[in-house]
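User: Please take a close look at one helix in this model. I would like to know how its length adds up, which of its residues are buried, and what one of its side chains touches.

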Amino acid sequence: MPLPAPAAAAVASAPLHRLACARQRLPSGSRFFLPSRALLNSAALVAPAPQPVHALRLPPTAARAASPDAATGARSPTSGGQMLVFVPPHPLIKHWVSVLRNEQTPCAIFKSAMAELGRLLIYEASRDWLPTITGEIETPIAVASVEFIDPREPVLVVPILRAGLALAEHASSILPATKTYHLGLLRDEETLQPSMYLNKLPDKIPEGARVLVVDPVLATDVKGGTIVAAIDLLIERGVTSKQIKVVSAIAAPPALQKLSNKFPGLHVYTGTIDSEVNEKGFIVPGLGDAGDRSFAT
């Protein structure tokens, strides 16, 4: 049955990502959006070589070694005052990045994939970073020495709206103690400069607090982009860059270099790094507009 004229006009004028979401149905019986059988049987897929590199320094510094972090006392790789960029080589991280890249991924699956990727990256970012307490408890059999995450020192999770909501969706299920503060930062499509429309940060952040900033796409260095604006707001409230870890789905060198120059000691955890940013501020090949694709807008 053909669409009525007003409906047809609305469809014709809709953004391409919305048309793709409207045309596709979710895979039945599975939350996982896997490659098609035709792709799996083609020569386009090959087994990649192992990638053992875990961290990239901008600029390079001495070899990694575990040492107490000056701000928090947690043990983490020594950065020598420089920023560290981590691209964990886990196959599940690569899988979810691939799902996000695929233009045929329906919006609901895209959002779910972003959340799953965030779960894995937050897990990696919290390694050797969380405060713990030790003691003894009674098991059904005997006394056991145990170690818990200290609930008195919650991690401050700061998702940058909108797309940061999807990437940070599972933060509270991974981290036993969290507080979430939302930041709404909008990038102007012409100037690429950020403007703030929501700020739920407290006026003062406790000394030594661990802060996780979640922004799916780190692309440009124009005015620092939304991620630099967010970190500036945190520093104004008493946080140092060594207390902050950034989690992103994808990053590009201009944004990483800007962060490295401005925030020594910062740690960035990202699913992948692409080398190019186009004139519109999008990473190439990238994954498109993470907010629009997550929320079908």
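Analyst: What follows describes one helix, then one residue in that helix, and ends with a cavity.

The model is predicted, and every value below is computed from it.

The helix is α8, which covers residues 225–236 and has 12 residues. At 1.5 Å a residue, α8 should span 16 Å, and its end C-alpha atoms are 17 Å apart, so the two values agree. After α8 comes Gly238, which has a positive phi, near 100 degrees.

The buried residues of α8 begin with the run Gly225, Thr226, Ile227 and Val228. Ala230, Ile231, Leu233 and Leu234 are buried as well.

Asp232 also belongs to α8. Its relative accessible area is 23%; because the cut-off for buried is under 20%, Asp232 counts as partly exposed. Leaving aside residues up to four places away in sequence, Asp232 is in contact with Lys262 and Phe263. Phe263 lies 31 residues from Asp232 along the chain, and their C-alpha atoms are separated by 9.4 Å.

Apart from the helix, there is the matter of internal space. The structure holds 1 cavity of 30 Å³ or more, and the largest cavity has a volume of about 30 Å³. The lining of the largest cavity is made up of Leu130, Pro131, Ile149, Asp150, Glu153, Pro154, Val155, Leu175, Pro176 and Ala177. By class, that lining has 8 nonpolar and 2 charged residues, with no polar ones.

Key
Residues are numbered from 1 along each chain as its sequence is written. This is a predicted model: local features need pLDDT of at least 70, side-chain atom pairs count only at pLDDT 80 or more; totals for chains, interfaces and linings use all residues. Side-chain values use heavy atoms; hydrogens and water are left out. On a 1 Å grid over the protein atoms alone, a cavity is a set of points where a 1.4 Å probe fits but cannot get out, and a pocket is an open set with protein on both sides within 12 Å along at least five of seven lines; lining residues have an atom within 4 Å of a point. Grid points are joined across faces, edges and corners, and a volume is the space filled by probe spheres set on the points. Ala, Val, Leu, Ile, Met, Phe, Trp, Tyr, Cys and Pro count as nonpolar, Asp, Glu, Lys and Arg as charged, and the others, Gly among them, as polar. Helices (H or I, at least four residues) and strands (E, at least two) are DSSP runs, numbered from the N terminus. The expected span of a helix is 1.5 Å times one less than its number of residues. Buried means under 20% relative accessible area, exposed over 50%, partly exposed in between (1.4 Å probe, protein chains only). Contact means heavy atoms within 4.5 Å.
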